[in-house]
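Let's walk through this model together, starting with the whole chain and ending at a pocket. Keep the viewer open as you read.

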Amino acid sequence: MVTALLERAEPTLVLTLSALLVAVAIGVPSGIIAAAYQGSLWDRALMFSALLGVCVPGFWLSLNFIYLFSVRLGWLPVAGYASIFSDPVAALRYMVLPAVSLGFNQSALIARISRSCMLEALQQDYVRTARAKGVSQRSVMWVHAFRNALVPVVTVIGITMAILIGGAVVTEIVFNIPGLGRLIISAVLRRDYPVVQGVILVTATAYVLINLAVDVLYVFIDPRIRYG
């Protein structure tokens, strides 16, 4: 059982981290741009995209990506997995579609939270003081507002990573990735209870470690936070 868990942990971990990278790369800049241009066409377009990310089912997006980029254009493989340690280039090609389809859904929450936190930070007195001193808009956004809005954003990113670990089951099935999601589905069908318990234990441990890492990051993000 331990061997099966170790073999299946790598694909799930690679998929989760890749999808998280996609979600953060889309969500955080979208939230910042939407907050900087509140009420503009950019704001409405980005928040509409975030709404689509919440509403569109992940499996439907995955199947459409497969049809467009694999069947029609032939740019990427339809399904499968290659180890990142044996062939990084092939692993990247196999992981692009599942990571984007899984990360796009979660980027919506990060974008909306980033926008809300940035709007709240931009209304604070220190931002008005910085603008009154003649600080550039870029410095106001990134140095003053974003730094103080980062704590709740990091919290959401940690929650998103935990969600991705559990939500990777459907994506692994669609793209035929031999991860923990497929392992627990096959174990349930076979009534292999030790394997089911092992996967659940690994997932619960990952949740705890992610929450611990987020709590530790708070200290580096905001020096005012101290753990006694």
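**A tour of the helices**

Buried residues, meaning those under 20% relative accessible area with a 1.4 Å probe and protein chains only, make up 41% of the 228 residues in the protein chain. On the same scale, exposed means over 50%, and partly exposed covers what lies in between. Before going further, note that this is a predicted model, in which local features need pLDDT of at least 70, side-chain atom pairs count only at pLDDT 80 or more, and totals for chains, interfaces and linings use all residues. Residues are numbered from 1 along each chain as its sequence is written, and side-chain values use heavy atoms, with hydrogens and water left out.

The protein chain holds eight helices and zero strands, giving the pattern α-α-α-α-α-α-α-α along the sequence. Helices here are DSSP runs of H or I with at least four residues, strands are runs of E with at least two, and both are numbered from the N terminus. Along the principal axes, the C-alpha atoms fill a box of roughly 65 × 50 × 30 Å. Of the contacts (heavy atoms within 4.5 Å) with a separation of 6 or more, 73% join residues 24 or more positions apart.

Now to the surface. The protein chain exposes about 12,900 Å², by the Shrake-Rupley method with a 1.4 Å probe, and carbon and sulfur atoms supply 68% of that area.

Two loop residues deserve a look at their backbone. Most residues other than glycine have a negative phi. N176, in the loop between helix 6 (137-174) and helix 7 (180-190), has a positive phi of about 55°. With 40% relative accessibility, N176 counts as partly exposed. R191 sits in the loop between helix 7 and helix 8 (193-221) and has a positive phi of about 60°. R191 is exposed, at a relative accessible area of 64%.

Which residues lie nearest the centre of the largest pocket? They are L13, I165, L180, V202 and A206, out of 13 lining residues. Helix 1 (2-36), helix 6 and helix 8 each give two or more residues to this lining, and helix 8 provides the largest share, six residues. The largest pocket has a volume of about 240 Å³. A pocket here is an open set of points on a 1 Å grid over the protein atoms alone, where a 1.4 Å probe fits, with protein on both sides within 12 Å along at least five of seven lines; lining residues have an atom within 4 Å of a point. The volume is the space filled by probe spheres set on the points, which are joined across faces, edges and corners.
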